[in-house]
Structure formats: structure tokens, C-alpha cells
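The following note concerns charge pairing and nonpolar packing in the structure shown below. The points are numbered for ease of reply.

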Amino acid sequence: MFTVDGTGEATGKPDTAQFTVGVTKTGTSVEDTQSQTNTAVNKVIAALKAQGIDEKDIKTDDYSVNPNVDFSTGSQRTNGYTVSTNITVKIKDSNKASAALDAATNNGANVVNGVSFTINDDEREKLEDQARLDAIKDAKEQATKISKQAGIRLGRVTNIIVNPTTPGPIMYDKAMNAGGEVARSDTTQLQPGENKVTVNVTLYYETL
């Protein structure tokens, strides 16, 4: 039995973007602070829809109401409330991610947790096919070279093990100011770059 490993890679440009934006407001009462937050969130959602994003691709992930407690006087005293909500947005055309993010932050979103770029399932499958073919080719070339150097005669391939490496999302973080809010700039320029798929194979040969 003779075994040899091979590696193949294929790259593709991400076509899907996703980011999470949030609205955080503080106020003296729960009702007023919730009202401020809800008004801002509705404005953000309207701005995202105006960018052509489907409602089903805009999802509320978190909504919290917390008291602001002051301990400076030596006793516990509530002096206001903070209401926060997060919205996850999926954009099926990654070229529109920059404009969508700006639309959100320009219309009330004051927190950005990050941006990720991924490849859709169909395109990823094509990349895996190409990477697998290249990995098998690499393994066969290695087998030919090593067997000649070692004086081994190879027979047929009896087994193959494939280990694909699924590409993770490419992550971006928008700059924050000292207060944890989005730092303003003229326009956001997000570059999706490339995702790389790597496939490793192991070929098992008979020896003659």
C-alpha cells in the first residue's frame, strides 16, 4: 500500500455581504428611551429597504432595556435607562454593502458590530470541485515522482479521502470613536477581497 497527499486551491470573489448594526439610546424613563430607540430603528429599516434590501433579509437579533445605576454617592441609584437593539442585514449583492451600511449609519444606527463577506452555496460548490480536481492532480504527480525515486511500481488507486476546507467569512469592522459609536466619514469603502477554498486529498495505491 502506498499513500500520497495532494492539495488544491481555488479562489472566488464573495457575492453576499452581512452586517449587524445597532441603535443605542439613553434617557430618563423607559418609555421615552424606548420611543427614541424605536423611532431610530424604524428609520434605519426604512433606509435599508430604500436600498433594495428585502424585508426578510432584515432581522432584529437583540432588544434590551437596562437601568443606568449610579454608585458615586455610596448607594445604588438609578438615574436613567439605556435601550439597545441590533439588526442583522443580509445583502445578496456584495457591491451594495458600502451604500447599505452608510444608509443605516446615516439614518440613526450608531453601533456597527462588523461586516462579513461570503460566497453563495452554488459558487462555493464550483470552487470546491475545481480545488478537488487540482488536489487529485497534485497527488498523482507526487505519486509518480516519489514512486520513481523510490523504485516502487504503482497499481490502481484503491481509495481516496477528501478533506475540504470551507472558507470562512471575510470580516471587517467599521471604525468606532471613543464612545463606542460609529466614526463618521464621507463614504464607506468595503472591499470584499477573495475567499479561498482549499481541498486536501489522500490517494491510496496498490503496489506491484
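1. A residue is termed buried under 20% relative accessible area, exposed over 50%, and partly exposed in between. On this scale Arg-77 is partly exposed, because its relative accessible area is 42%. The model is predicted, and the values below should be read accordingly.

2. Arg-77 is paired with Asp-70 in a salt bridge, with an N to O distance of 3.2 Å. Asp-70, at 16% relative accessibility, counts as buried, whereas Arg-77 is partly exposed. The bridge therefore joins a buried acidic side chain to a partly exposed basic one.

3. The count of salt bridges comes to nine. As general background, side chains of opposite charge can pair when their charged atoms come close.

4. Which residue forms a salt bridge with Lys-92? The partner is Asp-57, and the closest N and O atoms are 3.9 Å apart. Lys-92 lies in the loop between strand S4 (77-91) and helix H2 (97-106), while Asp-57 lies in the loop between helix H1 (30-50) and strand S3 (58-70), so the pair ties together parts that are 35 residues apart in sequence. Asp-57 is buried, its relative accessible area being 12%.

5. The Lys-92 pair does not stand in isolation: Lys-56, Asp-57 and Lys-92 are linked in a network of salt bridges.

6. A further salt bridge is formed by the side chains of Arg-124 and Asp-121, at 2.9 Å from N to O. Both residues belong to helix H3 (residues 121-150) and are three residues apart, about one turn of the helix. Arg-124 counts as partly exposed at 23% relative accessibility, and Asp-121 counts as exposed at 54%.

7. Turning to the nonpolar packing, the largest nonpolar core has 22 residues. Those with the most contacts inside this core are Phe-19, Val-21, Val-44, Leu-48 and Ile-91. Two or more residues each are supplied by strand S2 (16-27), H1, S4, H2 and strand S5 (111-118).

8. What does Val-44 touch, if residues up to four places away in sequence are not counted? Its contacts are Val-21, Val-23, Ile-87, Ala-104, Asn-107, Gly-108 and Ala-109. Val-21 is also listed with Val-44 among the residues that have the most contacts inside the largest core.

9. Apart from the largest core lies another core, of 14 residues. Its members include Ala-10, Ile-119, Leu-127 and Ala-135.

Key:
Residues numbered from 1 in each chain as written. Predicted model: local features only at pLDDT ≥ 70, side-chain atom pairs only at ≥ 80, totals over all residues. Heavy atoms only, no water. Salt bridge = Lys/Arg side-chain N within 4 Å of Asp/Glu carboxyl O. Helix = DSSP H or I, 4+ residues; strand = E, 2+ residues; numbered from the N terminus. Buried < 20%, exposed > 50% of the residue type's maximum accessible area, 1.4 Å probe, protein only. Core = buried A, V, L, I, M, F, W, Y, C linked by side-chain atoms within 4.5 Å. Contact = heavy atoms within 4.5 Å.
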